[in-house]
Amino acid sequence: MEKIALITGATSGIGRATAVHFAAQGIALVLCGRRQERLNALGQQLGKQTRVHTLAFDVRDREAVLTAIGTLPEPFAQIDILVNNAGNAHGLDPIDQGSLDDWDAMLDINVKGLLYVSKAVIPQMIERKSGHIINIGSTAGKEVYPKGNVYCASKHAVDAINQGMRLDLNAHGIRVGAVNPGLVETEFSNVRFKGDDQRADSVYKGFDPLRPEDIADIIYFVVTRPYHVNIADLVVMPTAQASSTMVNKTL
Ligand code: NDP
Ligand code: 8X3
């Protein structure tokens, strides 16, 4: 039977690659992000392979989130797979020099935004006693690196929310799991360094980073296991990476 997936942060990077991968497998899509033009272009492209609906909202705006997801047209209303992916790092500063706006952005988007979207989707999953939630965490949610402070805190929160969701939704037969990537070359560092593309590019120089398609492939694997299999928590790094602070640039 055709499944419907709602993917947040589908306009770029991991979310976009996941949408492309899912579409190729015939999964119907609700694509979310703020950049309407990108949603339109992707919707048009993937609409040749599967049914697509786009929703433009900022995950920080709880009314917008609840309204957009709560008023999905009937053919898209029953979400089988939720990929909680929208998020970014904002800045890379020692704790005493961090910007309050950056801190607000990371906590509001990566943590509260994920919660708002989940709140909008979970009730109908409970009603149907069916659903699969994939939370995109990070190696930054498993360890803390210098200057990563608040971004790491936001991803540790995702780790805790992932565990909490799994516990609380266990009674309803809903699968919950996290995929926690290491260094993936996307627009992530362009956002973190506020458009300093040279600095962003330098993050992925000298080694072979993960590509968003690698993570999309893993997410697809996770959601296509038989119902009795729930991949609860998965960490994936480039071969060159051993931890947040150890990357081998001699391979
Ligand atoms: P990108 O910057 O390429 O993509 C981020 C996506 O999130 C975009 O589609 C963006 O859409 C969306 N987004 C950001 N802020 C908001 C917002 N306020 N409201 C709605 N959507 C928003 O980065 P990645 O693909 O790398 O990041 C995706 C996820 O993967 C994030 O949660 C990130 O923390 C995580 N991650 C990334 C890693 C990496 O090395 N790249 C490693 C580990 C985890 P738009 O701007 O259109 O709103
Ligand atoms: C993204 C990975 O190491 O850049 O979550 O924080 S890292």
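The following exchange concerns a predicted model and asks how some of its contacts, shells and sheet pairings are assigned.

Reader: What makes the approach of aspartate 58 to ligand 1 a polar contact?
Author: A polar contact requires a pair of N or O atoms within 3.5 Å, and a nitrogen atom of ligand 1 is 2.9 Å from an N or O atom in the side chain of aspartate 58, so the pair meets the definition. Threonine 186 has a polar side-chain atom 2.6 Å from an oxygen atom of ligand 1, and a polar backbone atom of glutamate 187 lies 3.1 Å from an oxygen atom of that ligand.

Reader: How do you know how much of ligand 1 the protein covers?
Author: On its own, ligand 1 has 880 Å² of accessible area, and the protein covers 98% of this. The elements that give two or more residues to the shell are helix 1 (13-24) and helix 5 (149-169), while the residues that come nearest, of the 30 around the ligand, are Thr11, Ser12, Arg34, Tyr151 and Thr186.

Reader: Which side-chain contacts of ligand 2 count as polar, and why?
Author: An oxygen atom of ligand 2 is 2.6 Å from an N or O atom in the side chain of serine 138, and the value is also 2.6 Å for the side chain of tyrosine 145 and for a polar side-chain atom of tyrosine 151; because the cut-off is 3.5 Å, these pairs qualify. The protein buries 87% of the 240 Å² that ligand 2 exposes when taken alone.

Reader: What makes up the shell around ligand 2, by class?
Author: Five of its residues are nonpolar, two are polar and none is charged; tyrosine counts as nonpolar in this scheme, so Tyr145 and Tyr151, which are among the residues surrounding ligand 2, fall in the nonpolar class.

Reader: Why are strand 4 and strand 5 said to pair?
Author: Pairing needs at least two bridges, and strand 4 (residues 81-84) and strand 5 (residues 132-136) have four, in the parallel sense, so the criterion is met. Valine 83 stands opposite isoleucine 134 in strand 5.

Reader: Why is strand 3 called an edge strand?
Author: The sheet is open, with seven strands in the order 3-2-1-4-5-6-7 and parallel pairing, and strand 3 (52-56), like strand 7 (233-236), pairs on one side only. From one strand to the next the twist averages 15 degrees.

Conventions. Residues are numbered from 1 along each chain as its sequence is written. Chains are lettered from A and ligands numbered from 1 in the order in which they are written. This is a predicted model: local features need pLDDT of at least 70, side-chain atom pairs count only at pLDDT 80 or more; totals for chains, interfaces and linings use all residues. Side-chain values use heavy atoms; hydrogens and water are left out. A residue is near a molecule or strand if one of its heavy atoms lies within 4 Å of it. A polar contact is a pair of N or O atoms within 3.5 Å; within protein, one must be able to donate a hydrogen and the other to accept it, and residues adjacent in sequence count only if both atoms are side-chain atoms. Accessible areas come from the Shrake-Rupley method with a 1.4 Å probe; for residues, only the protein chains shown count as cover. Axes are lines fitted to C-alpha atoms, for helices over the stretch in contact, and angles run from 0 to 180 degrees between N-to-C directions.
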